[in-house]
Amino acid sequence: MKNIYSNIYTFNKKTLKKTIKYLIHNNIVGLPTETVYGLAGNAYSIKAVKKIFRLKSRPKRNPLIVHYKNMEIAERDVIFNENFFKLYRKLCPGPITFILNKKDGSKISALATANLNTVAIRFPSHKVVRSILKFLNFPLAMPSANLSSGLSPTNAFDVYEEFKKKLKIIINGGNSRIGIESTVVDLTNEPKILRPGIISSSDIRKILNSKLSKKRSNIKSPGMLKKHYSPGIPVVIGKKPKSISHAYIVFGKNFKDLKNYFNLSKKADLKEAASNLYKIMRKIKKKGYKKIYVSSIPNYGPGIAINDRLLRASK
Ligand code: TXA
Ligand code: MG
């Protein structure tokens, strides 16, 4: 039988070498990170960045996150500040993205930042992407590896489902531990969360020892389109389905084990729920359900990020 997944590779010395060569030639690969899988390409190459936008059908006004091995390398492209240093020291490498001002002379392709004078930078902790970054003399532009406005993939097979053989290399790095995208925090002014994630605003507030801005940001985060994270079928929040042909996403122990019930976390653990969210929505879609209902999810800590994604999925 032909192996349909022939573009999914296990990570070893040989596939590392192949991936590096491929990236150096401005091609795009699917890579695991601790949050979700990404579509990676040379952030300094307009050719590579164009390919990323084309593959995802992503609107050109929506900038990409640029991924680095460490702070020393990122310093070529962005202007650091005190808040950045504090958060970097405590949280990196890890699931957080910082918006900083771009440095004059930065080689990041203007297309990657949608012509903004700010850059989103992240230091992923997943060992696969870290070992790849070690061998490159450029950072990786890497949006989530899904078609624009869909659900982010949390394993190599989800990436395959999105792009099939349009990607020549997808590295299998297991299930993404966190399962939702990184927290995005704007540090160009008063710190402000642009996209909630597993690192919560209270975590950030404690580290910075200051309040976060609630003002509407004057910097554009064009990626925060209202309709986003869509499983491709309607999502209704806070209601129970009336028919067993509709799926019900629930949270906690007070729910029966019915066939159309999908529990994000039986033990009511919000981190576990976040890591199951996209996986479960993809499963529901695959099983052929036509609609998803969602019971209420507590709105604190990682629950804020879960509710943010569900709300956008319901638009
Ligand atoms: O966890 C993650 O962050 C994943 C993994 C692969 O690293 N990446 C990811 O990328 O989620 P993407 O492209 O799906 O989301 C990037 C978000 C978008 O909402 C985008 O608008 C925002 O970051 N962003 C990027 N550059 C920005 C900038 N200069 N100013 C404001 N927002 C920016
Ligand atoms: Mg995305």
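**Entry 1: the second largest pocket**

I asked which helix gives the most to the lining of the second largest pocket. H8 does, with 4 residues. I am working on a predicted model. H8 runs over 270-286, and helix H6 covers 156-163. These are the elements that give two or more residues to this lining.

Next I looked up the volume of the second largest pocket. It comes to about 250 Å³.

Then I listed the residues that line the second largest pocket. Leu 147, Gly 150 and Leu 151 are among them. Glu 161 and Glu 162 are there too. So far along the chain I also noted Ser 230, Pro 231 and Gly 232. Met 281, Arg 282, Lys 285 and Lys 286 complete the lining.

I sorted the lining by character. How many residues are nonpolar, polar and charged? I found 4 nonpolar, 3 polar and 5 charged.

**Entry 2: salt bridges**

I searched the whole structure for salt bridges and got 10. I took a few in turn.

I started with Glu 34, which pairs with Arg 122. Their closest N and O atoms are 2.9 Å apart. Where do the two partners lie? Glu 34 sits in the loop between strand E2 (29-31) and strand E3 (38-42). Arg 122 belongs to strand E7, residues 118-122. The partners are 88 residues apart in sequence, so this salt bridge ties together separated parts of the chain. I also checked whether they are buried or exposed. Both Glu 34 and Arg 122 are buried.

I turned to Glu 272 and Lys 267. They form a salt bridge with closest N and O atoms 4.0 Å apart. Glu 272 has 28% relative accessibility, so I marked it as partly exposed. Lys 267 reaches 61%, so I marked it as exposed. The cut-off for exposed is over 50%.

My last pair was Asp 308 with Arg 309. Their side chains meet in a salt bridge at 2.8 Å, N to O. Are these two buried or exposed? Asp 308 has a relative accessible area of 14%, so it counts as buried. Arg 309 has 0%, so it is buried as well. Buried means under 20%.

I then looked for salt bridges that share partners. Asp 158, Glu 161, Glu 162, Arg 282 and Lys 286 are joined this way into one network.

**Entry 3: back to the pocket**

I compared the network with the pocket list. Glu 161, Glu 162, Arg 282 and Lys 286 belong to the network, and these residues also line the second largest pocket.

Key. Residues numbered from 1 in each chain as written. Chains lettered and ligands numbered in written order. Predicted model: local features only at pLDDT ≥ 70, side-chain atom pairs only at ≥ 80, totals over all residues. Heavy atoms only, no water. 1 Å grid on protein atoms, 1.4 Å probe; cavity = no way out; pocket = protein on both sides within 12 Å on 5 of 7 lines; lining within 4 Å. Points joined across faces, edges and corners; volume = space filled by probe spheres on them. Nonpolar A, V, L, I, M, F, W, Y, C, P; charged D, E, K, R; others polar. Buried < 20%, exposed > 50% of the residue type's maximum accessible area, 1.4 Å probe, protein only.
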